[in-house]
Amino acid sequence: MEIYTKEDFKQIFIDLGIKKGSFVLLEADLSRYSGLVGDYQMLIETLQELITDQGCLYMPCFSYSCLDPACLENKYPFEAWKNVRENLPGYHVLYTPSEVYKDCTNLFLHYKDVYRSNHPVYSFAYWGNFDDSLLKVDVNDALTFKGSLALCNEKNACNLLIGVNPEKSLLVQAFAHEFQLGKTIVQRAFLHSKRRLTKSFLVNVVDEALAKDLLDGLDVLKSESDLDFIYALRKVQ
């Protein structure tokens, strides 16, 4: 078995243009790999040491469990919706677990100086150099370049994908919103509150064909290492 250490990944990241002061949106799924010494802890700490607190490491921490049952296809029967709505705990920035890239993102949420945004479904967690306004973006801007993904506009920014296909990049989702492409739907989610507070917001749904087309707006750099499915995606300047 080939063994991959922190130093191996540090070199991979450097070769992809990640350096001190970079703004890195990480989407990572290590399930396809073996021989990674330290797994997600190694991944997070290698990036933190490389970019330092002059840059920013951030990840999606989405919580679909907070959605109204009407927004969750076939999860609950219609006759149960009222009961579900009355019993959903709702989104809490500290208590609600992430449901995307779970092994990585839920570990990241335990790190010192990591802060999570307040969107009831499409929250992000940030570490390093970022403006606090990112923690309270408009509810309709969670997946946009003017909202939670604003750091992707920075010169030293990239979306680092590890074990993830480029078509799944959140930058694709942001481009769909920017150009008003795909299907726009309304979703509603519950907040952690005794008053049963809810938030409604718009989301652009992107199918596989559209995702491939939208990749034309990105510079996609593939790692030349022995490990497949490692990419750095950047907005074309």
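**Cores, cysteines and charged pairs**

Let's start with the cysteines: this structure holds zero disulfides. Take C61, which is in no disulfide, its nearest cysteine sulfur being that of C104, 8.9 Å away. C61 counts as buried, at 0% relative accessibility. C66 tells a similar story: the closest cysteine sulfur to its own belongs to C71 and is 12 Å off, so the two are too far apart for a bond. C66 is buried too, with a relative accessibility of 3%. Keep in mind throughout that this is a predicted model.

Now for the inside. In soluble globular proteins, nonpolar side chains tend to be buried together. Here, the largest nonpolar core has 41 residues, and Y58, F124, Y126 and L149 are the ones with the most contacts inside it. Many elements chip in with two or more residues, including strand 1 (23-28), strand 2 (56-60), strand 4 (124-128) and strand 7 (198-205). Helix 6 (208-214) is on that list as well, but helix 5 gives the most, with six residues.

To get a feel for this core, pick out Y126 and look around. Setting aside neighbours within four places in sequence, Y126 is in contact with C56, L57 and Y58, among others. Its other partners include F108, V114, Y115, L134, L135 and L151. There is also a second, separate core, made of 34 residues, and L26, Y33, L43 and I51 are among them.

What about charges? Side chains of opposite charge can pair when their charged atoms come close. The count here comes to six salt bridges. One of them joins E49 and K6, whose closest N and O atoms are 2.7 Å apart. Because E49 sits in helix 2 (residues 39-51) and K6 in helix 1 (residues 6-15), this pair ties together parts that are 43 residues apart in sequence. K6 itself is partly exposed, with 30% relative accessible area.

A more local example is the salt bridge between E208 and K212, at 3.6 Å from N to O. These two are four residues apart in helix 6, so about one helical turn separates them. E208 is exposed at 56% relative accessibility, while K212 is partly exposed at 43%.

Next, find D228 and K222, whose side chains meet in a salt bridge at 3.9 Å, N to O. Both ends are partly exposed: D228 has a relative accessible area of 46%, and K222 has 38%. Last stop: D68, R85 and R188, which are linked in a network of salt bridges.

Notes. Residues numbered from 1 in each chain as written. Predicted model: local features only at pLDDT ≥ 70, side-chain atom pairs only at ≥ 80, totals over all residues. Heavy atoms only, no water. Core = buried A, V, L, I, M, F, W, Y, C linked by side-chain atoms within 4.5 Å. Buried < 20%, exposed > 50% of the residue type's maximum accessible area, 1.4 Å probe, protein only. Contact = heavy atoms within 4.5 Å. Disulfide = S-S within 2.5 Å. Salt bridge = Lys/Arg side-chain N within 4 Å of Asp/Glu carboxyl O.
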